[in-house]
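Reader: Hi! I'm new to this one and would love a friendly tour. Can you put it up so we can look together?

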Amino acid sequence: MAEEVKLLKTWSSPFGLRAFWILKLKGVQFDFIDEDLSNKSPLLLQSNPVYKKVPVLIHNGKPISESLVILEYVDETWKQNPLLPEDPYERARARFWAKFGDDKVLASIWNAFIKQGKEQEEAIGLAIETLKFLEEELKGKRFFGGEKIGLPDLALGWLANLIGVFEEVIGVKLIEKERFPLLSAWMQEFAEAPVIKESWPPHEKLVTKFRAMREPYVAAAAQPK
Amino acid sequence: MAKSDVKVLGAWPSPFVMRARIALKIKSVEYEYLEENLGSKSELLLKSNPVHKKIPVLIHNDKPVCESLIIVEYVDEAWSSSGPSIIPSDPYDRAVARFWAAYVDEKLFPALKSIGSGDGAEAKKAAIEQLIEGLVLLEDAFVKCSKGKPFFGGSQIGFLDIAFGCYLGWVRVTEKMNEVKLLDEVKTPGLFKWAERFCADAAVKDVMPETDKLAEFAKVLAKLRASGKWN
């Protein structure tokens with residue numbers, strides 16, 4: 001049977017990008033559709049009725065949602081270039097850091113991005129504390145996955161370009177090279193890796209988009225209380 | 001393998017700890033269970049889970065595994081030759097199970113918690129509606145995953161049974177303390193019967209806390225939260 005693989009994503013979503021990366025890294029033939037989230041396609045609504053979000057992977061007509069679930073599905077279905085190690089303990093560690101990235105790193109960085117004034121200072125402090133765990137985890141490693149890119153690298157990969165976008169919009173450096181030498185090196189190495197480097201959404205377009213996303217928070221904070 | 005090679009750091013009311021213990025039971029793994037005093041966390045817990053400082057933690061040959069669903073998958077893989085498989089064998093069925101497990105943690109559990117959180121009648125009503133909507137979605141998932149068999153995992157308890165079933169104690173407590181029916185024979189008949197089978201299962205019944213004991217604990221917790229002594 002001819003294999004049919006379709007990825008629903010958006011031009012900017014870091015979650016969609018993860019799914020795009022793993023399919024490319026595995027050499028899987030696939031089509032993708034960049035959705036307009038203000039006008040979601042019937043295919044998206046039908047494939048992810050619970051959340052109505054991207055990314056969705058549709059493999060031979062069967063939909064899979066939630067980016068980390070998609071990553072594991074792809075890794076298990078196309079065995080070449082495995083992204084998870086064989087050893088159960090190392091697999092648990094990889095999953096742990098992927099989850100930490102979404103639960104803690106993303107949330108703390110987003111807070112640092114949207115908050116204002118004193119709240120922002122505190123949010124930045126918290127984000128830095130969270131990032132220190134990543135710096136620690138990279139000791140003696142080139143990637144979170146070890147010698148080559150693994151599941152946690154794909155999960156955390158958004159840092160490699162979005163941090164620069166956020167820093168430009170808020171005018172504050174979040175990942176300073178002196179404080180985070182390993183994380184900075186990882187970001188650069190990941191950003192320039194084959195497959196990854198061709199995939200980044202255009203920087204200026206991202207800056208415009210995230211600046212616009214931040215506007216309501218700035219306006220709200222400027223309201224007299 | 002000596003019992004002390006495997007340790008679980010836990011707390012008896014925690015649904016997340018239950019997940020780890022059910023998985024170990026399914027695989028017939030002997031382990032040492034260490035009850036944590038969450039008001040005063042042990043050195044071992046702080047050392048084993050420095051990032052989150054939370055239970056459950058599974059320590060296997062001195063190597064710690066954290067996060068309950070990650071622990072369940074680890075137990076399944078580390079003792080793969082012992083007992084039945086926990087995670088489905090087909091990659092698509094796995095993806096479905098993982099999807100719903102994430103849904104339960106991200107949507108159902110917060111809704112369950114806010115029913116009892118005392119934010120006023122309107123908020124409570126909204127939380128109850130949200131929870132019931134979620135349960136109706138899970139009813140549909142149950143029909144699809146079980147394919148007529150007793151559990152999400154088929155003829156035996158599997159990953160999604162464990163992920164969702166661990167909340168049943170708290171669902172019952174919430175029903176009792178708020179005088180509301182959440183798991184309904186009419187709205188969610190499949191889940192209603194599944195819940196009874198799950199709680200009676202050999203791998204579950206010794207680690208599922210009694211509803212009355214849990215209700216007492218919930219009352220104490222509510223008082224501590226109200227007085228600001230617990231976060």
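Reader: Thanks! To start, how many cavities of 30 Å³ or more does the structure hold?

Author: It holds 2 of them. Keep in mind as we go that this is a predicted model.

Reader: Good to know. What volume does the largest cavity have?

Author: About 60 Å³.

Reader: And which residues line the largest cavity?

Author: The lining is made of B:V104, B:L108, B:F109, B:L112, B:L131, B:L135, B:F164, B:Y167 and B:V171. Sorted by class, that lining has 9 nonpolar residues, with no polar and no charged ones.

Reader: Which element gives the most to that lining of the largest cavity?

Author: That would be α4(B), with 4 residues. In chain B, α4 (91-115) and α5 (121-146) each supply at least two residues of the lining.

Reader: OK, what about the second largest cavity, how much space lies in there?

Author: About 40 Å³. The residues lining the second largest cavity are A:S12, A:S13, A:P14, A:L17, A:W158, A:N161, A:L162, A:W200, A:P201 and A:L206. Two or more of the lining residues come from each of α1 (14-25) and α7 (159-170) of chain A.

Reader: How do the residues of that second lining divide by class?

Author: Into 7 nonpolar and 3 polar, with no charged residues.

Reader: Let's switch to pockets. What's the volume of the second largest pocket?

Author: The second largest pocket has about 940 Å³. It is lined by 39 residues, and the closest to its centre are B:V96, B:A97, B:W100, B:K144 and B:C145.

Reader: Which elements give two or more residues to the lining of that pocket?

Author: From chain A there are α2 (42-47) and β4 (62-65), and from chain B there are α4, α5 and α6 (159-165). Here α4(B) gives the most, with 7 residues.

Reader: And by class, what does the lining of the second largest pocket have?

Author: There are 20 nonpolar, 12 polar and 7 charged residues in the lining of this pocket.

Reader: Since both chains came up, how many residues of chain A are in contact with chain B?

Author: 24 residues of chain A touch 24 residues of chain B. The area buried between the two chains is about 2,300 Å², and carbon and sulfur atoms give 69% of that.

Reader: Which residues in chain A lose the most area to chain B?

Author: A:Y51, A:Y89 and A:F96, which together make up 27% of what that side buries.

Reader: New topic: I can see strands in chain B. In what order do they form the sheet?

Author: The order is β2-β1-β3-β4, giving an open sheet of 4 strands with mixed pairing.

Reader: Why is one side of β2 and of β4 left without a neighbour in the sheet?

Author: β2 (32-35) and β4 (63-66) of chain B stand at the edges and have a single partner strand each, so one side of each has no neighbour in the sheet. On average, neighbouring strands of this sheet are turned by 20° against each other, ignoring direction.

Reader: In what sense do β1 and β3 of chain B pair, parallel or antiparallel?

Author: Antiparallel: β1 (residues 6-10) and β3 (residues 57-60) of chain B pair over 4 bridges. As one spot to look at, B:L9 stands opposite B:V57 in β3(B).

Reader: Last one! Which strands does helix α3 of chain B lie across?

Author: Helix α3 (residues 68-78) of chain B lies across β3 and β4 of chain B, and runs at about 125° to β4(B).

Conventions: Residues numbered from 1 in each chain as written. Chains lettered and ligands numbered in written order. Predicted model: local features only at pLDDT ≥ 70, side-chain atom pairs only at ≥ 80, totals over all residues. Heavy atoms only, no water. 1 Å grid on protein atoms, 1.4 Å probe; cavity = no way out; pocket = protein on both sides within 12 Å on 5 of 7 lines; lining within 4 Å. Points joined across faces, edges and corners; volume = space filled by probe spheres on them. Nonpolar A, V, L, I, M, F, W, Y, C, P; charged D, E, K, R; others polar. Pairing = 2+ DSSP bridges. Axes fitted to C-alpha atoms, helices over the stretch in contact; angles between N-to-C directions. Contact = heavy atoms within 4.5 Å. Buried area = accessible area lost by both parts, 1.4 Å probe.
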